[in-house]
Amino acid sequence: MSQPSHCPTIKLNDGRNFPVLGLGTWKSKPGEVEQAVKDAIDAGYRHIDGAFFYDNEPEVGKGVKAKIAEGVIRREDIFITSKLWNTFHRPDLVVDACRQSLKNFGLDYLDLYLIHWPMAYEEGGELFPTNPDGSVRYSDVDFVDTWKEMEKCVQLGLVKSIGVSNFNSKQLDRLLKSCTIRPTVNQVECHAYLNQRKLIDFCNARNIIITAYSPLGSPDRPWAKPGDPNLLEDPKVKKIAQKYSKSPAQVILRYLIQNGTVPIPKSVSKQRIVENIQIFDFELTSADMDVIDTFDCNGRLIPQLDGKDHPEYPFNIDF
Ligand SMILES: NC(=O)C1=CN([C@@H]2O[C@H](COP(=O)(O)OP(=O)(O)OC[C@H]3O[C@@H](n4cnc5c(N)ncnc54)[C@H](OP(=O)(O)O)[C@@H]3O)[C@@H](O)[C@H]2O)C=CC1
Ligand SMILES: O=C1CO[C@H](CO)[C@@H](O)[C@@H]1O
């Protein structure tokens, strides 16, 4: 392999360094994700985005530990994120859920632990507890109470930083009013079709970093239909890419970086993993940024419709 790329970091509001690009792992299967993690570390990635829900934490952990054993990285060189799933929001379940993710990875601390969604689902059974009519059974646990236990995970030394995912501005404001430890990150869907300008400004003003999930438009999302718009095939993106001798994915990721967000593209292909980190050697002009800005169309691809009737469903307001 060629020389690994160097990935810059930004500071979280708790003073820790956060690599500005990470490897996504949703849909990366056991059997392929361990190698993907190893390839990513060899390519220079120092940030892996995981979640209990992705059902692959043991394999992700194997990849990380193999690279530590080889001496390529030390534990403190890599930033590992996991997320608390919706069925574990009840305060008595949070610390144990965190310990379970640690056990899955085979690690003794996480760098970042996020509340995956603001909605709580009924505890104690399947990840999507369903009624006979297919609707999900909700729980009325308040995420503010869940957050207190996230803070406990920090106090216990299980995690270094905590944050949220899929929270809207109102939910963040409510959390900020009652927290002791402020959320460092809000991980949300963010790409050129949903550029999240207002939420980015809102979070920046409160020193919260936006992690951009589905940054490439999640072309492998299970519900994608033939004919759905594909960001990577957009002729305007292709034209910009040609100008810089870069790929459409590299242009799209660079756009997100220049917007101050932290993209976490998923790939299990070594070639694309390498490609996706080769974005720190060029800069899009403001004219090219403006062209990509015009794509914004509230094009939400991950609507989590099973939660849509929950009082804390985050996508019923502007941002
Ligand atoms: N907090 C949350 O609720 C959510 C978090 N996430 C996180 O964000 C990550 C990324 O989002 P995700 O939805 O997976 O989608 P992405 O936008 O990262 O797209 C992934 C898809 O793009 C392909 N791809 C990757 N690189 C390239 C490239 N250079 N050129 C062409 N195709 C490419 C991948 O294929 P291949 O693998 O074959 O290369 C895969 O099909 C997730 O994996 C997860 O970690 C995602 C959704 C929700
Ligand atoms: O991270 C995620 C990946 O996609 C899932 C299916 O919609 C989401 O529930 C989850 O937020």
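The exercises below, each with a worked solution, concern a predicted model.

**Exercise 1. Determine whether tyrosine 54 is buried or exposed, and place it in the fold.**

Begin with the record: UniProt, in an unreviewed entry, puts the feature "active site" at Tyr54, an annotation that may be inferred rather than shown by experiment. Next, locate the residue in the chain, where tyrosine 54 belongs to the loop that runs between strand S4 (47–49) and helix H2 (57–69). Then apply the burial criterion, which asks for 20 or more other C-beta atoms within 10 Å; because tyrosine 54 has 21 C-beta neighbours inside 10 Å, it counts as buried. Finally, list its contacts, leaving aside neighbours within four places in sequence: these are Thr25 and Trp26.

**Exercise 2. Identify which residues surround ligand 2 and classify them by polarity.**

The residues around ligand 2 are Trp26, Ala51, Phe53, His116, Ile302 and Gln304. Sorting this shell by class gives 4 nonpolar and 2 polar residues, with no charged residue present. Trp26, one of the residues around ligand 2, is also a contact of tyrosine 54.

**Exercise 3. Describe how strand S6 is covered and how it pairs with strand S5.**

Consider coverage to begin with: strand S6, residues 110–115, is mostly covered, since 6 of its 6 residues are buried. Turning to the pairing, strand S5 (residues 79–84) runs parallel to S6, and the two are linked over 4 bridges. Within this pair, lysine 83 is found opposite leucine 114 of S6.

**Exercise 4. Find which residues touch the most other members of the largest nonpolar core, and follow the contacts of tyrosine 113.**

The largest nonpolar core has 75 residues, and Val37, Tyr113 and Ile252 are those touching the most other members. Another core, lying apart from this one, has 7 residues, including Trp117, Met119, Tyr121 and Val141. As background, nonpolar side chains in soluble globular proteins tend to be buried together. With neighbours within four places in sequence set aside, tyrosine 113 contacts Ser82, Leu84, Cys98, Met150, Cys153, Val159 and Ile162.

**Exercise 5. Work out why isoleucine 162 counts as buried, and list what it touches.**

Isoleucine 162 sits in strand S7, which spans residues 159–165. It counts as buried because 26 C-beta neighbours lie inside 10 Å, the threshold being 20 or more. Not counting residues up to four places away in sequence, isoleucine 162 touches Tyr113, Met150, Glu151, Cys153, Val154, Ile181, Pro183 and Thr184. As a last step, take a pair 131 residues apart along the chain: the C-alpha atoms of isoleucine 162 and aspartate 293 are separated by 30 Å.

Technical notes
Residues are numbered from 1 along each chain as its sequence is written. Chains are lettered from A and ligands numbered from 1 in the order in which they are written. This is a predicted model: local features need pLDDT of at least 70, side-chain atom pairs count only at pLDDT 80 or more; totals for chains, interfaces and linings use all residues. A residue is near a molecule or strand if its C-beta atom, placed from the backbone, lies within 6 Å of it. Ala, Val, Leu, Ile, Met, Phe, Trp, Tyr, Cys and Pro count as nonpolar, Asp, Glu, Lys and Arg as charged, and the others, Gly among them, as polar. A nonpolar core is a set of buried Ala, Val, Leu, Ile, Met, Phe, Trp, Tyr and Cys residues joined through C-beta atoms within 7 Å. A residue is buried if 20 or more other C-beta atoms lie within 10 Å of its own, exposed if 12 or fewer, and partly exposed in between; C-beta atoms are placed from the backbone. Two residues are in contact if their C-beta atoms, placed from the backbone, lie within 7 Å. Two strands pair if DSSP finds at least two bridges between them.
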